[in-house]
Every structure is written in structure tokens, then in C-alpha cells.
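Q: Please take a close look at the nonpolar core of this protein, and set it in the context of the fold as a whole. A connected account would be preferred to a list.

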Amino acid sequence: MSLAIDSDDRLRGVSLSDGQPVANLNLSYDSQGGIYFGASATAVATRRAGLQNLGETVWLGYARRLDADISWDVGATNSVVTGYAGRRTRIDYSEVYAGMTRKDISVHLYYSPSYLGAGSQTLYAEVNGAVRPARAWRLFGHVGVLASLGGANVPYAGRTRYDARAGVAREFGALELSLAATTTTPGVEFPEGHSQSRTALILAAAYAF
């Protein structure tokens, strides 16, 4: 279980919280047989309505080791997101995914039949990595590409979008503080018709119980 506070909730470069701070409670379980599952709930400090529920995510997956350094996993997620920018909107969408991890580097591919509820089938590929230059310090990075496969266009994602994130984290026992810079392809809209900045600096604090 973990509790995190972030200055912004960004999904693949798109702010789900309209640039406002969020608090996230995460519950997860990993079995020795490889099955894992979990759920998270997020609250947002909205600009006009105060503290509100932003969304919930549930996931179920299976992971298996190939050797001491390499593992693979498959799974599915479902997320419900409520937007508070301009008008209140509720979005429900699912993804299935598969990927491989080698030490501190992972590669995953995600498929959604209706990404962010827009009616567009999408594929999203990402690479995540981290290095530890010193005890309790971690440098991390992420690159990803989102491509539409058909159906309705994704109004806040375009036909193809790229995003990247890089940051540094410092551990203090069970507490981790991090600062990250994130960017994405220009022309970001979420919800539809609400323009966003393509870049952001995100300060976060996470505590693991």
C-alpha cells in the first residue's frame, strides 16, 4: 500500500487533473504464483469545486521470470476519470498490455478499444528505465508513443503522439521525493476542447506502508 501526493496528474503527457495537485491511494498484491492485482483512488484539488474524486483504476496481471534478470508480464486495467476543466466529464476506458523487464529497464505495449472513452482504438508503446548513481538516489526516464488504429479520432491525442519524462528521486526510508519534467507533442486537449500546456514540472512525494 502506498500514498502519494503529486503537483499534477499526467498520463502520457496529458494532465488528467487540469494541472492541479492530486493525492493517490494505491493498494496492490503480488502472489508467489505470479498473479498480481490492485486498485487505486485519486482525489484532486479542483480550481472551483475544492477537493473532488478524480478517478479509480483497477488492474489484474500475471508475471513470470525467464531468469534472474528478465521477466515478462501481461494484464488488463480499467480506469474511470472525471474531468473538471470547463465542464464536468466522466470517462471510462480499459487497456490490455504485455511487456518485458530486465533489471531497471522495461518495455510494454498497451491496446485500448476506446482510449480515454473517445471511441478510438489505440496502441501505446513505452520504455521506462532507471539508474542509481548513489545510495538512496534514483534517476529515471520514460519515452512513449500513442498511435490511433481507427474509429473516431482521439481529439486530445491526435493521430500519433509522443511523450517523454525524466526526473530524479531521493529516498528517505519509506518516503520518496521526486522531481520530474514531462513533455508531449503540441496541441494537447483534455477534456475535448480544453487546451493544455505540453510541458510540466511535477513534484511528488510517495510513502510506502
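A: A nonpolar core is here a set of buried Ala, Val, Leu, Ile, Met, Phe, Trp, Tyr and Cys residues that are joined through side-chain atoms within 4.5 Å. Buried, in turn, means a relative accessible area under 20%. The model under discussion is a predicted one.

By these criteria, the largest nonpolar core of the protein has 19 residues. Within this core, the members that touch the most others are V81, Y93, L116 and F190. Several strands contribute to the core: β5 (35-46), β6 (50-65) and β8 (89-102) supply at least two residues each. The most is given by β8, which provides three residues.

Strand β8 also contains I91. With a relative accessible area of 9%, I91 falls under the 20% limit and is therefore buried. As a point of reference for its position, I91 is 59 residues from G150 in sequence, and the two C-alpha atoms are 19 Å apart in space.

A second buried position is found in strand β7, which covers residues 70-83 and includes S71. The relative accessible area of S71 is 18%, again under 20%, so this residue counts as buried as well. Beyond its neighbours within four places in sequence, S71 is in contact with R64, R65 and L66, and also with G99, M100 and T101.

These local features belong to a fold with 14 strands and zero helices. Read along the sequence, the pattern is accordingly an uninterrupted series of β elements. The radius of gyration is 17 Å, close to the 17 Å that the globule rule gives for 209 residues, so the protein is as compact as a globular protein of that length. The C-alpha trace spans about 50 × 35 × 30 Å along its principal axes.

Burial and contacts can also be stated for the whole chain. Of the 209 residues, 37% count as buried. Among contacts with a separation of 6 or more, 43% are between residues 24 or more positions apart.

The outside of the protein completes the picture. About 11200 Å² is exposed, and carbon and sulfur atoms supply 60% of this area. The protein carries 19 positive and 18 negative charges, and the mean positions of the two sets are 3 Å apart.

Terms used:
Residues numbered from 1 in each chain as written. Predicted model: local features only at pLDDT ≥ 70, side-chain atom pairs only at ≥ 80, totals over all residues. Heavy atoms only, no water. Helix = DSSP H or I, 4+ residues; strand = E, 2+ residues; numbered from the N terminus. Buried < 20%, exposed > 50% of the residue type's maximum accessible area, 1.4 Å probe, protein only. Contact = heavy atoms within 4.5 Å. Rg over C-alpha atoms; globule rule 2.2 N^0.38 Å. Areas by Shrake-Rupley, 256 points an atom, 1.4 Å probe, with all protein chains shown as cover. Lys, Arg positive; Asp, Glu negative; His and termini not counted. Charge placed at Lys NZ, Arg CZ, Asp CG, Glu CD.
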